[in-house]
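Hi,

Here is the structure I promised to pass on. Have a look at it first, and then read my notes below.

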Amino acid sequence: MRKQIVGSSWKMHINSINMAEETGKDLNKLLSDESRVEMFILPSFPMIPKLSEILKNSCIKYGAQNMCYEEKGAFTGEVPPLVLKELGCSYVEIGHAERRSYFNERDESINKKVRLAFKYGMIPVVCIGEEERDKKENIGKIKIRSQILWALNGLTKEDAQEVILAYEPVWAIGKEEAASVDYVENMHGYIRDIVKKELGEEVSKNIRIIYGGSVSPENSKELSKKENIDGVFVGRFGLRAENFKSIVDNFKKSKIK
Ligand code: PGA
């Protein structure tokens, strides 16, 4: 059985520690005892210590939006995995489309980060997804296949099945509407098939594939009903605690897989 997940990256939408504190407290008030759905938030690095205090005894876990692909050394401006571990991060987001496009993140460093996440006891949330032009040229699936192979390269089966794959078609991020539910379900089925071919049935049954890209309280209702959609990764429409809770409620009621 795959436990459903609702995660939210705050990106830089929440851009002050005060605002982060308020949002964290609001979320905790509404959801600190909710154990039926796995929940996490990913604030900016300097907000993490404050949130770790607020969420100390909460079911809501937290993590980071990125980390360095090396453990230590001369990497100016980067954040070492050990520091995230010391701050109590349970998750680390890796390879978001914005990092791939604005910060030149490549599959090879994404793979290094995934391996380091496991070394430091954190769950990697690895973002994959085709761009608009890949979709137009009908090469979206090839691109996704390659991203999955890179993400999981060199992992043991035990670790591979703990990875959270966040399918985020780049053309659906930051828009008014999400990709259609059928499109997402089809892609998630494809992703699961690739995992099955590469790592076997057991891993493919256990690995969780969540959808991101303009998820809202409204569209999450239909997304939650689909067999291969194990949760959602929310951006803008999950920043208010009540919205995040509505999305969690939808997944709480969804199928048992
Ligand atoms: P969005 O962001 O919900 O604001 O589209 C999603 C994401 O990039 O994960």
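One cut-off before the rest: helix pairs at angles under 35 degrees count as roughly parallel, those over 145 as roughly antiparallel, those from 65 to 115 as roughly perpendicular, and the rest as oblique. Helix 5 (residues 107-119) and helix 7 pack at about 40°, with 7 Å between their axes, and they are therefore oblique to each other. Their crossing is right-handed. On the helix 5 side, the contact uses D107, E108, N111 and V114, and helix 7 brings S146, Q147, W150, A151 and L152. Sorted by class, that contact has four nonpolar, three polar and two charged residues.

Keep in mind that this is a predicted model. The chain has a mean pLDDT of 97, with 99% of its residues at 70 or more. Confidence is lowest in helix 6 (residues 132-136), where the mean is 96, and highest in strand 4, at 99.

Now the strands. Eight of them close into a barrel, in the order 1-2-3-4-5-6-7-8, and the pairing is parallel. On average, neighbouring strands of this sheet are turned by 25° against each other, ignoring direction. To see one pairing up close, go to strand 4 (residues 91-94) and strand 5 (residues 123-128), which pair in the parallel sense over four bridges. There, E93 has V125 of strand 5 as its bridge partner.

Back to helix 7 (residues 140-152), which also packs with helix 9 (residues 181-199), at an angle of about 45° and with the axes 10 Å apart. That angle makes helix 7 oblique to helix 9. Helix 7 passes helix 9 in a right-handed crossing. Helix 7 makes this contact with K141, I142, I144, R145, I148, L149 and L152, and helix 9 with N186, M187, Y190, I191, I194, V195, E198 and L199. By class, there are eleven nonpolar, one polar and three charged residues in the contact of helix 7 with helix 9.

One more pair to look at: helix 1 (residues 17-31) packs with helix 12 (residues 241-252) at about 35°, with their axes 9 Å apart. These two cross in the right-handed sense. D26, L27, L30 and L31 of helix 1 meet A241, E242, F244, K245 and V248 of helix 12. The residues of that contact divide into six nonpolar, no polar and three charged.

Cheers

Conventions. Residues numbered from 1 in each chain as written. Predicted model: local features only at pLDDT ≥ 70, side-chain atom pairs only at ≥ 80, totals over all residues. Heavy atoms only, no water. Axes fitted to C-alpha atoms, helices over the stretch in contact; angles between N-to-C directions. Left-handed = near helix turned anticlockwise from the far one by under 90°. Contact = heavy atoms within 4.5 Å. Nonpolar A, V, L, I, M, F, W, Y, C, P; charged D, E, K, R; others polar. Pairing = 2+ DSSP bridges. pLDDT = per-residue confidence, 0-100.
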